[in-house]
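Colleague: Please take a close look at one single part of this model, and describe how that part is joined to what surrounds it.

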Amino acid sequence: MTVTVNGTPQAGCGNVLEQLTQMGFDAKRVAVEKNGAIVPRAQYETTPLQEGDKLEVVRFVGGG
């Protein structure tokens with residue numbers, strides 16, 4: 001299965017949390033949009049991915 005993450009095709013995993021983990025993202029420090037809809041963090045593990053899904057992942061960066 002192939003999904004697109006931030007505009008780049010990637011081998012897809014079973015759900016949003018698995019995809020984030022595979023790609024090295026810290027699920028606690030990102031916001032995820034799947035096919036144009038925000039995925040609540042509490043639903044990362046229960047939100048399945050399917051062929052052709054598009055994810056946008058935004059990292060939170062602190063500083064000052």
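Modeller: I would begin at the hairpin of S1 and S2, where two residues lie between the strands and Asn6 takes a positive phi near 50 degrees. This is a predicted model, in which local features need pLDDT of at least 70 and side-chain atom pairs pLDDT 80 or more, while totals for chains, interfaces and linings use all residues. Residues are numbered from 1 along each chain as its sequence is written, and side-chain values use heavy atoms, without hydrogens and water.

The two arms of the hairpin pair in the antiparallel sense over four bridges (pairing requires at least two DSSP bridges), with Val3 standing opposite Gln10 in S2. Strands here are DSSP runs of E, at least two residues, and helices runs of H or I, at least four, numbered from the N terminus. S1 is also joined to S5, in this case by two bridges and in a parallel sense, and there Val5 stands opposite Leu55.

Both pairings belong to an open sheet of five strands, ordered S2-S1-S5-S3-S4, whose pairing is mixed. S2 (8–11) and S4 (37–39) are the edge strands, and because each has a single partner strand, one side of each is left without a neighbour in the sheet. Further along the order, S3 (residues 30–34) and S5 (residues 54–59) run antiparallel and are joined by five bridges, with Val32 standing opposite Val57.

In a regular strand the side chains alternate between the two faces of the sheet. S1 shows such an alternation, since Val3 and Val5 point to one face and are buried, whereas Thr2 and Thr4 point to the other and are not (buried means under 20% relative accessible area with a 1.4 Å probe, protein chains only).

S1 (2–5) is also among the elements that give two or more residues to the largest nonpolar core, the others being helix H1 (16–22), S3 and S5. That core has 13 residues, of which Val16, Leu20, Val30, Val32, Tyr44 and Val57 touch the most other members (a core joins buried Ala, Val, Leu, Ile, Met, Phe, Trp, Tyr and Cys through side-chain atoms within 4.5 Å). Leu20, taken as one example, touches Phe25, Ala27, Val30, Val32, Tyr44 and Val57 when residues up to four places away in sequence are not counted, contact being heavy atoms within 4.5 Å. Two of these partners of Leu20, Val32 and Val57, are the pair that stand opposite each other between S3 and S5.

Terms used
Buried means under 20% relative accessible area, exposed over 50%, partly exposed in between (1.4 Å probe, protein chains only).
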